[in-house]
Amino acid sequence: MDIKQLTFSYNLKIPFLAIDQLMIPKGKVTAIIGPNGSGKSTLLHLLAGLLKPTSGALLLDEQPLYIYTAKERAKKLAVVHQQNDVPMNYTVRKLVEMGRYPHRKGMMRFTTEDDRIVDDALRVTDLIDQQHQFMHQLSGGQRQRVWIALALAQQSEYILLDEPTTYLDMHHQFEILHVIEKMNRMENRTIVMVLHDLNQALQFSDEVIVMQGGKVVAKGNTEEILTETLIQRIFRIHVKSIQDSNCEKHFIHLKKKV
């Protein structure tokens, strides 16, 4: 996915987002981070085709995103929102099966291949044992995994997630992030997700996009870009970088304000 000279405005007199050039690398996990109001979710919604740029180009496979029909777009990218309307009378499997609809014609029945793809999506998200349960019987973390399984069943190359760990406790946050990591490593899906937690971005993303004031202020390898200096400048907090026994980098918060 490529962005060139893109602007977006909720109010035509005041540009909210302005990005000169941005490329989302294929086969990688990219985290979008930044302070509240920096344009993270707006950028993700533009990438998903849920918003249309005021000007500029947004390309998917070298073609403008907006020339694709909704069905064509669904074959190429899937979106998981931070809040989803849960159809309580659906079983897990029935909801995940909806991911196959972009690939079907008319009222054609499910094929053996459709069933195999749904089974694979349930397996990757560790939902095989819950597939016949109703959505209202699941925990918040399990429900979020169902939506991710639905996205997997679409067989889209790109999966976009808007704050996938919001409202979940710490255990379920890491449960979801490990599922996302698994579908990137096992399925070679390109993942783009908005995150608030800098340590989660460090641990689970290959690339990071840092936003401030509707602009991309830094982009690249996560460990190289996320430094104590950058975090102090963008988030106005002091942190210290440490390494754990596995040589993984983490930040600890030293004080609230600069």
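Let's start at Ser205, which sits in the loop between α7 and β9. Keep in mind that this is a predicted model. Is Ser205 buried or exposed? Its relative accessibility is 7%, so Ser205 counts as buried, the cut-off being under 20%. The side chain of Ser205 has two polar links to look at. One goes to the backbone oxygen of Ala201, at 2.5 Å. The other is a side-chain to side-chain polar contact with Thr222, at 3.0 Å. If you leave out residues up to four places away in sequence, Ser205 touches Val29, Thr30, Ala31, Gln200 and Thr222.

Next, the sheet. Six strands make up an open sheet with mixed pairing, and if you walk across it you meet β6, β7, β8, β3, β9 and β10 in that order. Why do β6 (77–80) and β10 (215–221) each have one side without a neighbour in the sheet? Both stand at the edges with a single partner strand each, so there is nothing in the sheet on the other side. On average, neighbouring strands here are turned by 15 degrees against each other, ignoring direction. As a general point, strands in a sheet pair through backbone hydrogen bonds, either parallel or antiparallel. For β9 (residues 207–212) and β10 the arrangement is antiparallel, with six bridges joining them. Within that pair, you'll find Val210 opposite Ala218 of β10.

Now for the helices that pack on this sheet. Helix α6 (residues 170–187) touches β3 (29–33), β7 (158–162) and β8 (190–194), and its direction makes about 155 degrees with that of β8. Helix α9 (residues 228–235) lies across β3, β9 and β10, and runs at about 30 degrees to β9.

On to the rings. The structure has three aromatic pairs. In one of them, the ring centres of Phe174 and Phe204 are 6.0 Å apart and the planes meet at 55 degrees, so this pair counts as tilted. Phe174 belongs to helix α6 and Phe204 to helix α7 (residues 198–204), so the pair ties together parts that are 30 residues apart in sequence. How do the two partners fare for accessibility? Phe204 is buried, at a relative accessible area of 4%, whereas Phe174 comes out as partly exposed at 28%. Elsewhere, ring pairs link Phe8, Tyr10 and Phe16 into a cluster.

One last ring to look up is Tyr90: Lys94 lies over its face, at 4.3 Å from the ring centre.

Terms used: Residues are numbered from 1 along each chain as its sequence is written. This is a predicted model: local features need pLDDT of at least 70, side-chain atom pairs count only at pLDDT 80 or more; totals for chains, interfaces and linings use all residues. Side-chain values use heavy atoms; hydrogens and water are left out. Two strands pair if DSSP finds at least two bridges between them. Helices (H or I, at least four residues) and strands (E, at least two) are DSSP runs, numbered from the N terminus. Axes are lines fitted to C-alpha atoms, for helices over the stretch in contact, and angles run from 0 to 180 degrees between N-to-C directions. Contact means heavy atoms within 4.5 Å. Rings of Phe, Tyr and Trp (its six-membered ring) pair if their centres lie within 6.5 Å; planes under 30 degrees apart count as stacked, over 60 as edge-to-face and the rest as tilted. Buried means under 20% relative accessible area, exposed over 50%, partly exposed in between (1.4 Å probe, protein chains only). A charge sits over a ring if NZ of Lys or CZ of Arg is within 6 Å of the ring centre and within 35 degrees of the ring normal. A polar contact is a pair of N or O atoms within 3.5 Å; within protein, one must be able to donate a hydrogen and the other to accept it, and residues adjacent in sequence count only if both atoms are side-chain atoms.
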